[in-house]
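Q: I'd like a close look at one part of this model, with the surroundings filled in as you go. Here it is.

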Amino acid sequence: MAVGNQTVVTEVYVYEQVVILLSCVLSFLGSLLIICTYATWGDLRTTPRKLLVFLSVADLLSALSYFYGVLRVFTSNTKDCIAQGAISTFANTSSFFWTVAIAIYLYIFIVKSSQRLADSLVLYFHLISWGVPLAITVAALALQKIGYDASEVSVGWCWVSIQQDDHVLWMLLTGKIWEFLAYVMLPILYILIKSHIHKAGIGNTFQGAANCIMFVLCTRPVRARLLGVLCCRGPGTQSGSDTLSQRTAQTHTDEPSSPRTWEEEEVEEEG
């Protein structure tokens, strides 16, 4: 903390670093897996999964910036400290916005049964989820609000400079107020969705991994294809994912079809 013109460094324990670094690695891998599955299998490219990819990009950047900050354990207001603080501020704030955007999309699509209205909001999701965090980060950088925080509100990484008189206000603007709003809105939206289809789905540095568990590992079509890729198959063995691919190819040959909707996937999984 700051005492007069001197800054007392808060001690960062090794076990704290290990836990956060592990969380960052899992978040990075989870986010990367979401992006790779979307890029690999075209028939799974529904709009909700596309929104999830944008969320995963933000989570990936956030995990990388936190990993560097924790590994580095800054002790002064260096250039890489400011850069790391700016990237983590942008990515983390964007992640909150995209999380809420996905919840809003699913609510309108599933509960209100209006895909057209839900799809019309995607452009606004981009403008808000990328634009607002970028504007906040640029303003914070221009006013020199991002920098060394003496690890008083972090575990080694940089965020809002603790030496600023209005650092509490900027901590709210660069993350905490959006985090609070997300934690208020998400339970309401997902409870409404769950009551409609009896199904729901989180963290900070672990968010990418949590999204991967929910939308990849817990989704039957994606899980089947991953098992088909990872497991060794004999010459005469045909996996469930291969059968699914053949059925999909035959359908495309016989008659034109559109990608399955999010709601159809949910019905299939429940069946």
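Is cysteine 36 buried, exposed or partly exposed, going by its relative accessibility? And from there, could you walk me through the cysteines and the packing around helix 2?

A: Sure, and keep in mind that this is a predicted model. Cysteine 36 comes out at 38% relative accessibility, so it counts as partly exposed. Cysteine 24 is another story: its relative accessibility is 1%, so it counts as buried.

Now for the bonded pair. A search of the whole structure turns up one disulfide, and it joins cysteine 81 to cysteine 158, with 1.9 Å between the sulfur atoms. The torsion about the S-S bond of cysteine 81 and cysteine 158 is about -115°, so this disulfide is left-handed. The link ties together distant parts of the chain, 77 residues apart: cysteine 81 belongs to helix 3, while cysteine 158 sits in the loop between strand 3 (146–147) and strand 4 (159–160). Both cysteine 81 and cysteine 158 are buried.

On to helix 2, starting with serine 56. This serine is part of helix 2, and at 1% relative accessibility it counts as buried. If you skip its neighbours within four places in sequence, serine 56 is in contact with Ser31, Ile34 and Ile35.

Helix 2 also has a helical partner. Its axis (residues 47–72) and that of helix 5 (residues 122–142) come within 12 Å and cross at roughly 10°. An angle under 35 degrees counts as roughly parallel, and helix 2 and helix 5 are therefore roughly parallel to each other. On the helix 2 side, Thr47, Leu51, Phe54 and Val57 make the contact, and they meet Val122, Phe125, His126 and Trp130 of helix 5. Sorted by class, that contact has six nonpolar residues, two polar ones and no charged ones.

Leu51 shows up again when you turn to the nonpolar packing. The largest nonpolar core has 24 residues, and Leu51 is listed with Ile102, Tyr105, Leu106 and Tyr190 as having the most contacts inside it. Helix 2, helix 3 (79–111), helix 5 and helix 6 (167–197) are the elements that give two or more residues to this core, and helix 3 gives the most, with 12 residues. For a feel of the packing, take isoleucine 102: leaving out residues up to four places away in sequence, it touches Leu51, Leu52, Leu55 and Tyr190. Apart from that core lies another one, of 13 residues, among them Phe74, Cys81, Ala150 and Trp159. So Cys81 has two roles here, because it is one of the residues of that other core and also half of the disulfide, which is a pair of cysteine sulfur atoms within 2.5 Å.

Last, two backbone spots in the loops. Serine 113 has a positive phi of about 55° although it is not a glycine. You'll find serine 113 in the loop between helix 3 and helix 4 (115–120), and it is exposed, with a relative accessible area of 56%. Glutamine 144, also a residue other than glycine, has a positive phi near 60°. That glutamine lies in the loop between helix 5 and strand 3, where glutamine 144 is exposed, with a relative accessible area of 62%.

Conventions: Residues are numbered from 1 along each chain as its sequence is written. This is a predicted model: local features need pLDDT of at least 70, side-chain atom pairs count only at pLDDT 80 or more; totals for chains, interfaces and linings use all residues. Side-chain values use heavy atoms; hydrogens and water are left out. Axes are lines fitted to C-alpha atoms, for helices over the stretch in contact, and angles run from 0 to 180 degrees between N-to-C directions. Helices (H or I, at least four residues) and strands (E, at least two) are DSSP runs, numbered from the N terminus. Angles under 35 degrees count as roughly parallel, over 145 as roughly antiparallel, 65 to 115 as roughly perpendicular and the rest as oblique. Contact means heavy atoms within 4.5 Å. Ala, Val, Leu, Ile, Met, Phe, Trp, Tyr, Cys and Pro count as nonpolar, Asp, Glu, Lys and Arg as charged, and the others, Gly among them, as polar. A nonpolar core is a set of buried Ala, Val, Leu, Ile, Met, Phe, Trp, Tyr and Cys residues joined through side-chain atoms within 4.5 Å. Buried means under 20% relative accessible area, exposed over 50%, partly exposed in between (1.4 Å probe, protein chains only).
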